[in-house]
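Got the viewer open? Here is a short tour, one selection at a time.

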Amino acid sequence: MDFKLLKSILVSISLIFLASSAISCSNGGSDYTANADSDNVDNEPLPTIDTTAVNIFRAYNRNALAADQEYGGRKIRVAGIVSSISSNYDNTAQVSLETENQFMSVKTSGDREFDAEAARLYKGQSIRMTCIGAGETMGMPVLVNCVLP
């Protein structure tokens, strides 16, 4: 397959992903942060999950519902390798982390401070960040409210 065609397809998929995320958020989409402790009857904060981008991707690939129950709304300290750094539809940073599938990644985003830190990252860099699990879109796990150390 021609590289330019493949790149065009991936850009189109990314744009669809971004548009669906924007529509979901503007239409009162799931607010994982509001539900983060809903199953915790003692109202104690749930412990932070330490994992890797590859493990999160594997979990969603195996069973998205179970992965949502494990990661959705939870604070996650994730380690991974940067596969790309790009801008979303609203000019905020999106850092993609490598998975076993070269066409799929774990998508991360944060606030303006995250954007500034993301501008200093580079492809292939090993990083750690703390985020909130926000489900998946088109098979790619999504992490939001990310903070780079």
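Begin with the aromatic rings, and keep in mind that this is a predicted model. Searching the chain for ring pairs turns up one aromatic pair. Select Tyr60 and Tyr71: the ring centres sit 6.4 Å apart and the planes make an angle of 25°, so this pair counts as stacked, because planes under 30 degrees apart fall in that class. Colour by element next, and you'll see that the two rings bridge distant parts of the chain, eleven residues apart: Tyr60 belongs to helix α2 (residues 53-62) and Tyr71 to helix α3 (residues 64-71). Are these two tyrosines buried or exposed? Both Tyr60 and Tyr71 are buried.

**The two helices around the rings**

Now show α2 and α3 as cartoons. Two packed helices are described by the angle between their axes and the distance between the axes. Here α2 and α3 pack at about 135°, and their axes are 5 Å apart. That angle makes α2 oblique to α3. To see the contact itself, turn on side chains for Asn55, Ile56, Ala59, Tyr60 and Arg62 on the α2 side, then Ala64, Ala67, Asp68 and Tyr71 on the α3 side. The stacked tyrosines are therefore part of this helix contact, Tyr60 from α2 and Tyr71 from α3.

While you're here, check both ends of α3. At the N-terminal end, pick Asn63: this residue caps α3, with a side-chain oxygen 3.1 Å from the backbone nitrogen of Leu65. Past the other end, go to Gly73, which follows α3 and has a positive phi near 75°.

**Zoom out for a moment**

Show the whole chain. How many helices and strands does the chain have? There are four helices and six strands, and along the sequence they run in the order α-β-α-α-β-β-β-α-β-β. The chain has 149 residues, and 35% of them count as buried. Of the contacts in the chain with a separation of 6 or more, 60% come from residues 24 or more positions apart.

**The loop between β2 and β3**

Next stop: the loop that joins β2 (75-87) to β3 (93-98), where you'll find Thr92. Asn91 is in this loop too, so put the two side by side. Which of them is buried and which is exposed? Thr92 is buried, with a relative accessible area of 12%, while Asn91 is exposed at 61%. Asn91 also deserves a look at its backbone: its phi is positive, about 65°, although the residue is not a glycine.

Stay on Thr92 and display its surroundings. Its side chain makes a polar contact of 2.7 Å with the side chain of Asp90. Leaving out residues up to four places away in sequence, Thr92 touches Ser86, Ser87, Arg112 and Asp115. For a distance label, try Thr92 to Ser109: these residues are 17 apart in sequence, yet their C-alpha atoms are 7.7 Å apart in space.

**Into strand β3**

Follow the chain into β3 and select Ser96. Ser96 is buried, with a relative accessible area of 1%. What does its side chain contact? There is a polar contact of 3.0 Å with the side chain of Lys107. Lys107 also appears among the residues that Ser96 touches, together with Ile81, Val82, Ser83, Ser84, Ser105 and Val106, again not counting residues up to four places away in sequence.

**The disulfide**

Last selection: the cysteines. A disulfide is a covalent bond between the sulfur atoms of two cysteines. This chain has one disulfide, formed by Cys131 and Cys146, with the sulfur atoms 2.2 Å apart. Set up a torsion about the S-S bond and you should get about 115°, so the disulfide is right-handed. The bond ties together distant parts of the chain, 15 residues apart: Cys131 sits in strand β5 (residues 126-137) and Cys146 in strand β6 (residues 140-147). Both cysteines, Cys131 and Cys146, are buried.

Before you leave β6, click on Asn145. Like Asn91, this asparagine is not a glycine but has a positive phi, here about 55°. Asn145 counts as partly exposed, with 47% relative accessibility.

Definitions and conventions
Residues are numbered from 1 along each chain as its sequence is written. This is a predicted model: local features need pLDDT of at least 70, side-chain atom pairs count only at pLDDT 80 or more; totals for chains, interfaces and linings use all residues. Side-chain values use heavy atoms; hydrogens and water are left out. Rings of Phe, Tyr and Trp (its six-membered ring) pair if their centres lie within 6.5 Å; planes under 30 degrees apart count as stacked, over 60 as edge-to-face and the rest as tilted. Buried means under 20% relative accessible area, exposed over 50%, partly exposed in between (1.4 Å probe, protein chains only). Contact means heavy atoms within 4.5 Å. A polar contact is a pair of N or O atoms within 3.5 Å; within protein, one must be able to donate a hydrogen and the other to accept it, and residues adjacent in sequence count only if both atoms are side-chain atoms. A disulfide is a pair of cysteine sulfur atoms within 2.5 Å. Axes are lines fitted to C-alpha atoms, for helices over the stretch in contact, and angles run from 0 to 180 degrees between N-to-C directions. Angles under 35 degrees count as roughly parallel, over 145 as roughly antiparallel, 65 to 115 as roughly perpendicular and the rest as oblique.
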